[in-house]
Amino acid sequence: MKRLPLLFLVITLFAASTAVQCQQKMADLITANFRFAEKQYKLLMQHVTPDKMPQRYEQATNNWVNMEIQWWCSGFYPGSLWYIYEQTGDSSIRKEAERALEVIKPNQFYTDHHDLGFMMYCSFGNAYRITGNEAYKQPILNAADALITRFRPGIPAIQSWNKSKKFNCPVIIDNMMNLELLEWAARNGGNKKGSEIARLHTATTTKNHYRPDYSSYHVIDYDTATGAVLQKRTHQGYADNSAWSRGQAWGLYGYVMMYRFTKNKAYLQQAQNIAGFILNHPHLPADKIPYWDYDAPNIPDAVRDVSAAAITASALLELGQYTKGKQKEKYLADATTILRALDSDQYKAAPGTNGGFLLLHSTGALPFNSEIDVPLIYADYYFLEALKRYKDWYLK
């Protein structure tokens with residue numbers, strides 16, 4: 001009878017030892033990846049056009065593609081640099097981050113599409129958070145004001161793209177990400193109306209973007225006068241009714257973020273339901289790196305989208321902060337699986353290669369034969385964010 005308590009003690013000590021070893025391995029993985037990023041981005045820095053921002057690297061032609069600052073992802077390069085500087089303290093990385101902010105600074109007044117959050121909050125937001133420099137704050141507040149101009153009260157939602165031959169008033173699931181700019185600004189001296197708009201937009205998204213299985217359409221097209229839904233379409237996914245993988249990741253991240261600001265339990269429940277769709281999907285590979293669309297016709301030979309995986313990992317780590325018990329453990333375990341996969345040779349570049357980008361195998365817009373199986377700047381950004389979140393929240 002006395003052997004049972006002893007056996008229990010041995011098992012407990014073994015489990016504790018294993019947990020410590022796992023934490024140490026993740027700590028080492030995180031440290032190594034920020035050091036790797038420090039070296040890689042010094043290579044990338046050499047190929048950035050002074051008045052543009054890097055988008056991708058094309059291995060076949062050894063070509064670095066840089067885009068105009070109004071491109072929707074212009075904030076991810078400086079944002080990534082700030083994450084790297086925060087962890088490494090490298091002064092040359094900070095200097096380049098500061099230079100890049102000056103280049104994209106005019107975007108604070110840009111109103112021609114909805115991606116001000118990606119452009120200005122991921123960049124200036126990180127700079128302000130890390131440095132406390134008040135010079136970085138006003139551009140964030142100005143950008144929130146610019147985004148508010150795209151709110152259409154008759155829907156009610158923020159219009160993503162301008163009217164075109166294809167769409168009257170399109171609202172895309174990606175737009176959930178840009179609500180972080182509005183919520184933060186409303187709490188930090190900016191227009192408080194932004195918070196109300198963010199919540200109205202979220203309610204409209206829940207109502208019209210989501211299907212009963214908690215997958216999301218990519219684009220909902222509206223009549224601005226009546227708020228009626230004109231079309232439910234895709235733009236970058238396989239089909240109108242398919243589940244474009246990055247779109248599912250945007251939605252998951254967006255609802256978790258909205259719960260952070262509001263503590264509205266409906267947002268938390270929606271995030272958990274979306275996570276359930278993603279993590280339990282029969283087409284999700286064992287390493288949790290999704291195909292570019294969960295309904296792609298050529299699975300398992302379809303290309304992957306590492307950017308969707310990185311976004312999902314970052315979102316799951318935050319979702320775990322608001323969840324308890326076995327569900328919390330699952331979110332952490334699945335996020336860890338993703339991060340370990342992204343750290344592997346299959347998805348991470350060899351040092352000194354890949355044009356200085358960190359990750360391989362992202363897919364931007366396959367239906368347009370664009371950005372297929374390439375490194376993309378926002379995949380790196382959310383990978384770095386996920387590593388930081390794991391270190392801050394889960395390493396003791």
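Student: Which residues form one aromatic cluster here?

Tutor: In this predicted model, the cluster is made up of W71, W72, F76, Y83, F118, W250, Y253, Y378, Y381 and Y382. By the ring-centre rule, the count of aromatic pairs comes to 28.

Student: What makes W72 and Y378 an aromatic pair, and why is the pair called tilted?

Tutor: Their rings are 5.1 Å apart, centre to centre, and a pair needs centres within 6.5 Å. The planes make an angle of 45°; under 30 degrees would be stacked and over 60 edge-to-face, so the rest, tilted, applies.

Student: What does that pair tie together?

Tutor: W72 sits in the loop between strand 2 (63-67) and helix 2 (76-88), while Y378 belongs to helix 12, so the pair joins parts that are 306 residues apart in sequence.

Student: And why is the pair of F76 and Y378 called tilted?

Tutor: The same reasoning works nicely. The ring centres of F76 and Y378 are 6.0 Å apart and the planes stand at 50°, so this pair is tilted. It links distant parts of the chain, with F76 in helix 2 and Y378 in helix 12, 302 residues apart.

Student: How do you know whether Y378 is buried or exposed?

Tutor: Compare the value with the cut-off: Y378 has 1% relative accessibility, and buried means under 20%. Y378 therefore counts as buried. F76 is buried too.

Student: Let's turn to helix packing. Why is helix 8 called oblique to helix 12?

Tutor: Helix 8 (residues 245-262) and helix 12 (residues 377-394) pack at about 40°, with axes 14 Å apart. Roughly parallel needs an angle under 35 degrees, and roughly perpendicular runs from 65 to 115. The angle fits neither, and that makes helix 8 oblique to helix 12. The crossing is left-handed.

Student: Which residues make that contact, and how do they divide?

Tutor: Helix 8 brings R246, W250, Y253 and R260, and helix 12 brings Y378, Y382, E385 and R389. They divide into four nonpolar, no polar and four charged. W250, Y253, Y378 and Y382 are also among the members of the aromatic cluster.

Student: What makes helix 9 and helix 11 oblique to each other?

Tutor: Helix 9 (residues 265-279) and helix 11 (residues 325-342) pack at about 50°, and their axes are 12 Å apart. That angle falls between the 35 degree limit for roughly parallel and the 65 where roughly perpendicular begins, so helix 9 and helix 11 are oblique. Their crossing is left-handed.

Student: Which residues of helix 9 and helix 11 meet?

Tutor: Q272, A275 and L279 of helix 9 meet Q327, K330, Y331 and D334 of helix 11. This contact divides into three nonpolar, two polar and two charged residues.

Student: How do you know that S314 is buried, and which residues does S314 contact?

Tutor: S314, in helix 10 (residues 306-321), has a relative accessible area of 0% and is buried, given the cut-off of under 20%. Leaving aside neighbours within four places in sequence, S314 is in contact with Y253, Y382, E385, A386 and R389. Of these, Y253 is a contact residue of helix 8, and Y382, E385 and R389 are contact residues of helix 12.

Student: One last case: why does E96 count as buried?

Tutor: E96 lies in helix 3 (residues 91-104) and has 10% relative accessibility. Since buried means under 20%, E96 counts as buried. Leaving aside neighbours within four places in sequence, E96 contacts M45, Y77 and L81.

Technical notes. Residues are numbered from 1 along each chain as its sequence is written. This is a predicted model: local features need pLDDT of at least 70, side-chain atom pairs count only at pLDDT 80 or more; totals for chains, interfaces and linings use all residues. Side-chain values use heavy atoms; hydrogens and water are left out. Axes are lines fitted to C-alpha atoms, for helices over the stretch in contact, and angles run from 0 to 180 degrees between N-to-C directions. Helices (H or I, at least four residues) and strands (E, at least two) are DSSP runs, numbered from the N terminus. Angles under 35 degrees count as roughly parallel, over 145 as roughly antiparallel, 65 to 115 as roughly perpendicular and the rest as oblique. A crossing is left-handed if the near helix is turned anticlockwise from the far one by less than a right angle, and right-handed if clockwise. Contact means heavy atoms within 4.5 Å. Ala, Val, Leu, Ile, Met, Phe, Trp, Tyr, Cys and Pro count as nonpolar, Asp, Glu, Lys and Arg as charged, and the others, Gly among them, as polar. Buried means under 20% relative accessible area, exposed over 50%, partly exposed in between (1.4 Å probe, protein chains only).
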